[in-house]
Amino acid sequence: MKIVFTPEALAYFNELSTLLYEKNYFGFEESALEYVDDLLKDIKETLPNRVKRPAPPYFDRYGKKMVYCTFRKNKDTHWYVFFNLYQNGHELWAVVRYIGNNHLIAPYL
């Protein structure tokens, strides 16, 4: 499976490490960068093997007929990755459109 990210999803990752550091979730900027890099790596390496669930209608604003997977990064935080699946010849593509965590989007799941 090939995994690609929309420009909006990539922009979110670029802002996430700064946000995590500025809100004091991490004491060092390098730690926040490592956390985001680890999340991205986890998505790229394990998304094809994860259980996929249909995204609730609330998330249609980011793309129609999406599915999502959950990534647990620590005991308090789960990340939800929303994407569409497309067949391109013999290869399956996942287009990641939205990323959120349980602290922000749990009521909509």
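# Working through a β-α-α-β-β-β-β-α chain

Read from the N terminus, the protein chain goes β-α-α-β-β-β-β-α. That makes three helices and five strands. Keep in mind that this is a predicted model.

## Exercise 1: overall build

Task: work out how the radius of gyration of the protein chain compares with the globule rule for 109 residues.

Solution.
- Start with the value itself: the radius of gyration is 14 Å.
- Next, take the rule, which gives 13 Å for 109 residues.
- The two are close, so the chain is as compact as a globular protein of that length.
- For the outline, the C-alpha trace spans about 45 × 30 × 25 Å along its principal axes.
- Now look inside: buried residues make up 38% of the 109.
- Then check the contacts with a separation of 6 or more: 44% of them come from residues 24 or more positions apart.
- On the outside, the accessible surface is about 6900 Å², and carbon and sulfur atoms hold 51% of that.
- Last, the charges: there are 14 positive and 13 negative ones, and their mean positions lie 10 Å apart.

## Exercise 2: the sheet

Task: find the strand order of the open sheet, then say which strands stand at the edges.

Solution.
- Lay out the five strands and you get β1-β5-β4-β3-β2, with mixed pairing.
- β1 (2-5) and β2 (53-54) each have a single partner strand, so one side of each lacks a neighbour in the sheet. Those are your edges.
- A quick reminder before sorting the pairs: sheet strands pair through backbone hydrogen bonds, either parallel or antiparallel.
- β1 pairs with β5 (residues 91-101) in the parallel sense, over four bridges.
- β4 and β5 run antiparallel, joined by ten bridges.
- β3 (residues 67-72) and β4 (residues 78-88) are also antiparallel, with six bridges between them.

## Exercise 3: partners across the strands

Task: which residues stand opposite W93 in β5?

Solution.
- Come at β5 from β1 and you land on K2, which stands opposite W93.
- Come from β4 and you find Y86 opposite W93.
- For practice on the β3 and β4 pair, try C69: its bridge partner in β4 is V81.
- Finish at the hairpin of β4 and β5, which has two residues between the strands. Here G89 takes a positive phi near 70 degrees.

## Exercise 4: I3 and T6

Task: decide whether I3 and T6 are buried or exposed, then list what each touches beyond four places in sequence.

Solution.
- Place I3 first: it's in strand β1.
- The cut-off for buried is under 20% relative accessible area. I3 has 17%, so I3 is buried.
- Skipping residues up to four places away in sequence, I3 touches I43, K44, L47, P48, A94 and V96.
- For a long-range pair, take I3 and F83: 80 residues apart in sequence, they sit 9.5 Å apart in space, C-alpha to C-alpha.
- Now T6, which is in the loop between β1 and α1 (7-22).
- Its relative accessibility is 10%, so T6 counts as buried too.
- With neighbours within four places left aside, T6 is in contact with V95, V96 and R97.
- Compare the lists and V96 turns up in both, touching I3 and T6.

Conventions. Residues numbered from 1 in each chain as written. Predicted model: local features only at pLDDT ≥ 70, side-chain atom pairs only at ≥ 80, totals over all residues. Heavy atoms only, no water. Rg over C-alpha atoms; globule rule 2.2 N^0.38 Å. Buried < 20%, exposed > 50% of the residue type's maximum accessible area, 1.4 Å probe, protein only. Contact = heavy atoms within 4.5 Å. Areas by Shrake-Rupley, 256 points an atom, 1.4 Å probe, with all protein chains shown as cover. Lys, Arg positive; Asp, Glu negative; His and termini not counted. Charge placed at Lys NZ, Arg CZ, Asp CG, Glu CD. Pairing = 2+ DSSP bridges.
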